[in-house]
Amino acid sequence: DQTEALTFADTVVVMHDGQIVQSGRPDELFDRPEHTFVGYFIGSPGMNVLSAEVAGREARVDGQVIALAATYGALPKGPKIEIGVRPEHVRLAAPGRGVPVQVDRIDDLGRVRFAKVRLGTQRLAATVPEHLTVDGSTASVEIDPAQVHVYADSRRVAGEAA
């Protein structure tokens, strides 16, 4: 049970397919997941993981540009390249204020609302600001570049600080 482990443990070990993929303090696992499985498994909802092309300080997801806080050399075509960003760092916004998305639904969990959206063909979750109302299914998302992680074959890749 991840909630119990994260609440009571000083160190948590996360296994995937019989392998240890990361161990550390709960806040380390949440803030800096070294494997896409850790990012998705820790947190509710889990981290958004999107197929991407990454070069320089940009990621391209289905033709849309997402800014990155670090600089990456051109990553090789062989490994599966993905970006990961927690829903807490993706904010739904009015159309034209960020990366365009289609809104599928909004879930009201009482203290927070999460939108299920599509960026091209890929699905992700975003927080919905309290004051925002969505008319129709067209909106944008604003993504904090400092919170976007880059992964090659599910393992985090470090970029050069900007």
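In strand E5, Ile-66 is the bridge partner of Ala-59, and this pair belongs to a set of five bridges that join strand E4 to E5 in the antiparallel sense. The model is a predicted one, in which local features need pLDDT of at least 70 and side-chain atom pairs count only at pLDDT 80 or more, while totals for chains, interfaces and linings use all residues. Residues are numbered from 1 along each chain as its sequence is written, and side-chain values use heavy atoms, with hydrogens and water left out.

**Strands, hairpins and sheets**

Helices (H or I, at least four residues) and strands (E, at least two) are taken as DSSP runs and numbered from the N terminus, and two strands are said to pair if DSSP finds at least two bridges between them. Besides the bridge already described, Val-61 has Gln-64 in E5 as its bridge partner. E4 and E5 form a hairpin with two residues between them, and in its turn Asp-62 has a positive phi of about 45°. These two strands also belong to an open sheet of three strands, in the order E4-E5-E14 with antiparallel pairing, where the edge strands E4 and E14 (160-161) each pair on one side only.

Another open sheet has four strands in the order E3-E6-E12-E13, again with antiparallel pairing. E3 and E13 (155-157) stand at its edges with a single partner strand each, so one side of each is left without a neighbour in the sheet. From one strand to the next the twist averages 40°, where axes are lines fitted to C-alpha atoms (for helices over the stretch in contact) and angles run from 0 to 180 degrees between N-to-C directions. Within this sheet, E12 (residues 149-152) and E13 pair over three antiparallel bridges, and Ala-152 stands opposite Arg-155 in E13.

Strand E8 (residues 99-108) has antiparallel pairings with E11 (residues 138-143) and with E9 (residues 113-119). The hairpin of E8 and E9 has four residues between the strands, and Gly-110 in this hairpin takes a positive phi near 95°. The table sets out the pairings of E8 together with that of E4 and E5.

| Strand pair | Bridges | One bridge pair |
|---|---|---|
| E8 and E11 | four bridges | Pro-100 and Ser-140 |
| E8 and E9 | six bridges | Gln-102 and Arg-118 |
| E4 and E5 | five bridges | Ala-59 and Ile-66 |

**Nonpolar cores**

In soluble globular proteins, nonpolar side chains tend to be buried together. A nonpolar core is here a set of buried Ala, Val, Leu, Ile, Met, Phe, Trp, Tyr and Cys residues joined through side-chain atoms within 4.5 Å, and buried means under 20% relative accessible area, exposed over 50%, and partly exposed in between (1.4 Å probe, protein chains only). The largest core has 30 residues, and those with the most contacts inside it are Val-54, Ile-66, Ile-83, Leu-92, Val-117 and Val-141. Among the elements that give two or more residues to this core are E4 (53-61), E5 (64-72), E6 (81-85) and E7 (90-93), and the largest share, four residues, comes from E5. Apart from it lies another core of six residues, including Val-21, Leu-29, Val-38 and Ile-42.

Val-14 is found in strand E1 (residues 12-16), and with a relative accessibility of 4% Val-14 counts as buried. Val-14 and Leu-29 are 15 residues apart along the chain, and their C-alpha atoms are separated by 8.9 Å.

**Pocket and cavity**

On a 1 Å grid over the protein atoms alone, a cavity is a set of points where a 1.4 Å probe fits but cannot get out, and a pocket is an open set with protein on both sides within 12 Å along at least five of seven lines; lining residues have an atom within 4 Å of a point. Grid points are joined across faces, edges and corners, and a volume is the space filled by probe spheres set on the points.

The largest pocket holds about 290 Å³ of space. It is lined by 15 residues, of which Tyr-40, Asn-48, Lys-116, Arg-123 and Leu-124 are the closest to its centre. Elements that give two or more residues to this lining include helix H3 (36-41), E3 (48-51) and E10 (122-127).

The count comes to one cavity of 30 Å³ or more, and the largest cavity has a volume of about 50 Å³. The lining of the largest cavity consists of Phe-30, Asp-31, Pro-33, Val-85, Arg-86, His-89, Gln-147 and His-149.
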